[in-house]
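This report describes one protein chain for a reader who is new to structural terms. Please keep the sequence and the model in view while reading.

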Amino acid sequence: MGKLSHLKPDDVFSYFEELCSIPHGSGNMEKISSYCLDFAKKHNLWAHRDEANNVIIKKDASRGYENTKPIILQGHLDMVCQKNPDISIQFETDGLDIFEDGKYIKAKGTTLGADNGIAVAMIMAILADKTLSHPPIEAVFTTDEEIGMIGASALDMSLLQGKRMINIDSEDPSVVTVSCAGGSEFGIRFPIKREKRQGKIVELTIGGLRGGHSGVEINSGRLNANVLMGRLLHHLRSECYFDIISIDGGDKGNAIPISCVARLCMDDTEKFALQCNEYAKTIREEIKGSEPDFYLETKVCDISATNVLQPILSEQLLHTLILAPNGVVQMSAEIDNLVETSLNMGIVSTKQDEIYLLFALRSNKITALSYLEERLMTFFAKMDCETETGGYYPPWEYKKDSSLRDIYTEKYKQKKGVQPRVEAIHAGLECGVFAKNISGFDCISIGPEMFNIHTTHERLSIDSTKEIYEIICLVLEDLK
C-alpha cells in the first residue's frame, strides 16, 4: 500500500507517488523519461522519446470521438531540487519522502515537485482510464523546463497533429491563464580604461530593498538598486566630485536587484558623507511606502591611491544607470492590469577588464519585444561598448477567440458554481514555445492549488487536485 493510495482519484495520486520515488531534478531526466516509456508500453500506447528525453504518448479517441480533432495534454518532467540543511537526500539518486498532512501533500525537508509532477500524474491517469470519453490525446512530457524550457525548445512538433492544448502548469485553480510573456537577455560590455588617482576611497552600499521576480513583481513599485545607485551617484557628483572605481549590483537578470555597492575615490570624504546623508533622507522619505527597509551605508577605506575609471567611462556608466529604460514599458490594452512589456537591469558588474550590464526583457507580444531590443541597441549605439542578445524564449500571445477557453470556463462554472478568472502572466510558460511552432494554436494553462513551489515548504492541495482533474475530464468529454 502506498502512502497516498487512500486518496481519490486513486490513479492520479498513485502515479504522483511513483513519480516522486524517481529522481527527476532538472538535468537528471533519464530515469523519469524511461518511466514514461514503460508506462506507455504497459498500456499499449504509441510513444516516442527524443534526444532531449522528451516523451510523447498518443492515445486513440474513445468510441464516438473518432472524427474529432486531437487535444494535447502537456506538463514537464523536471522539478526544482531544494532541501533543508539537515536533510541527507541525494537528489541525483534518491526519491522524495512524501506524506499527507491533512488537506495537503508535502515532502519531508525538500521540495515536493508538484510543479510539475502532478500534471504528469493527471495525464497518465487519463491515458490509463478506458472509461473516459475523449478525442485523440497527444500527451507531451517535456524536460528541463525549470532551467530554460530546454526540452520544449528541442521538441519536434511535427509529430503532433493537435492544435489545442491544455498545459497543466499553474498553481491557482481559480485562474485560467491565456497568455504569457516571451523574453530575451540584453548584455552590454564596456571595456575598462583606468588611470591613477590619489585620494580616499569610499564604499557606498544601497540595501534593504524588497526585490522580487522581474516579471511578476515588475509593476509592484519595488525599486531597482542599480537604478537607484545611478540616481544617487549622479546627484552626488554634482555636489562633491569623485571618480568611480567600481559598481556592482544584482546577480540575476530576472531578479530585481536588492543591493548595489559602489567604490569611489575622492578628496573630501566629510563633505561627501554630509551630502550623501542629506540626499538619502530625501530618497527615504520618497520611497518609504514602497521600500520601508531601504538603507544607505558609507565606509571610508584607509587607502591613498588607486586606479579609477577614466572620466568618459564614468559618464557613460552613470548616463546608463539613470537614463536607460527600466521597469514597465507598456501595459496591455486587451487584458486589464497586465504588464505587456518590461525590462529589468538585473546585473551591473565590474570585472577585471570590463563593466558588464545585463537586462532581462519581457513582452507578451513578439513585435514589442523586438522593438525593445531595438531601443536598447539605439541607446548604446554611440557609446564605447559592445552589445549582445541571447536567452530568447517566445511569448504566447492572447487569442481573442478561444473555444478551448470557453469550454473550460463553462465546465469550471458547472463544477464550482463560479466563473474562473481569465488572466495573463508577465512571465514565461512552455505554451509560448508551442504557440511559436503550431499554426492556429489554441491553449489554456491551468492547475491545482499549490503553495511555496521551489521551496522546502511546497504543498499540494488534495481537494483542488481532485477538482481540477474532474474538470479536465469534463472538458475532454465536451471536445467533440
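Two strands are said to pair if DSSP finds at least two bridges between them. Helices (H or I, at least four residues) and strands (E, at least two) are DSSP runs, numbered from the N terminus. The model is predicted, so to speak of a local feature requires pLDDT of at least 70, while side-chain atom pairs count only at pLDDT 80 or more and totals for chains, interfaces and linings use all residues. Residues are numbered from 1 along each chain as its sequence is written, and side-chain values use heavy atoms, with hydrogens and water left out.

## Overall picture

The protein chain contains eleven helices and 25 strands. Its C-alpha trace spans about 85 × 50 × 45 Å along the principal axes. A residue is called buried when its relative accessible area is under 20%, exposed when it is over 50%, and partly exposed in between (1.4 Å probe, protein chains only). Of the 480 residues in the protein chain, 53% are buried. A contact means heavy atoms within 4.5 Å. Among contacts in the protein chain between residues at least 6 apart in sequence, 78% link residues at least 24 apart.

## Strands and their pairing

One open sheet consists of four strands in the order 4-5-25-24, with antiparallel pairing. Its edge strands, each pairing on one side only, are strand 4 (98-101) and strand 24 (450-451). Strand 4 is joined to strand 5 (residues 104-107) by four bridges in the antiparallel sense, and I98 stands opposite A107 of strand 5.

Strand 2 (residues 55-59) takes part in other pairings. Strand 1 (residues 46-49) and strand 2 run antiparallel and are joined by four bridges; strand 2 also pairs with strand 6 (residues 137-142), in the antiparallel sense, over five bridges. The table gives one bridge from each of three strand pairs.

| Strand pair | Bridges | One pair of opposite residues |
|---|---|---|
| Strand 4 and strand 5 | four | I98 and A107 |
| Strand 1 and strand 2 | four | R49 and V55 |
| Strand 2 and strand 6 | five | K58 and E138 |

Strand 1 and strand 2 form a hairpin with five residues between them, and N53 in the turn has a positive phi of about 70°. Strand 2 is mostly covered, since four of its five residues are buried.

## Nonpolar cores

In soluble globular proteins, nonpolar side chains tend to be buried together. A nonpolar core is a set of buried Ala, Val, Leu, Ile, Met, Phe, Trp, Tyr and Cys residues joined through side-chain atoms within 4.5 Å. The largest such core has 66 residues, and F16 and F141 have the most contacts inside it. Helix 3 (residues 114-128) gives the most to this core, namely twelve residues. A second, separate core has 49 residues, including I247, F272, Y279 and L369.

Which residues does F16 touch, not counting those up to four places away in sequence? The partners of F16 are L4, I105, L112, G113, A114, G117, I118, A121 and L460.

## Cavities

A cavity is found on a 1 Å grid over the protein atoms alone, as a set of points where a 1.4 Å probe fits but cannot get out; lining residues have an atom within 4 Å of a point. The structure holds three cavities of 30 Å³ or more, and the largest cavity has a volume of about 50 Å³. Residues S179, S332, E334, I335, L338, E340, N364, K365 and Y398 line the largest cavity. By class, this lining has three nonpolar, three polar and three charged residues.

## Backbone exceptions

Most residues other than glycine have a negative phi, and most peptide bonds are trans. The peptide bond from K8 to P9 is cis, with omega near 0°; P9 lies in the segment before helix 1 (10-20). Another cis peptide bond runs from D115 to N116, with omega near 20°, and N116 is placed in helix 3.

N44 is a residue other than glycine with a positive phi, near 55°. N44 is found in the loop between helix 2 (30-42) and strand 1, and is exposed at a relative accessible area of 72%. H454, also not a glycine, has a positive phi of about 70°. H454 belongs to the loop between strand 24 and strand 25 (459-461) and counts as partly exposed, at 32% relative accessibility.

Notes: 1 Å grid on protein atoms, 1.4 Å probe; cavity = no way out; pocket = protein on both sides within 12 Å on 5 of 7 lines; lining within 4 Å. Points joined across faces, edges and corners; volume = space filled by probe spheres on them. Nonpolar A, V, L, I, M, F, W, Y, C, P; charged D, E, K, R; others polar.
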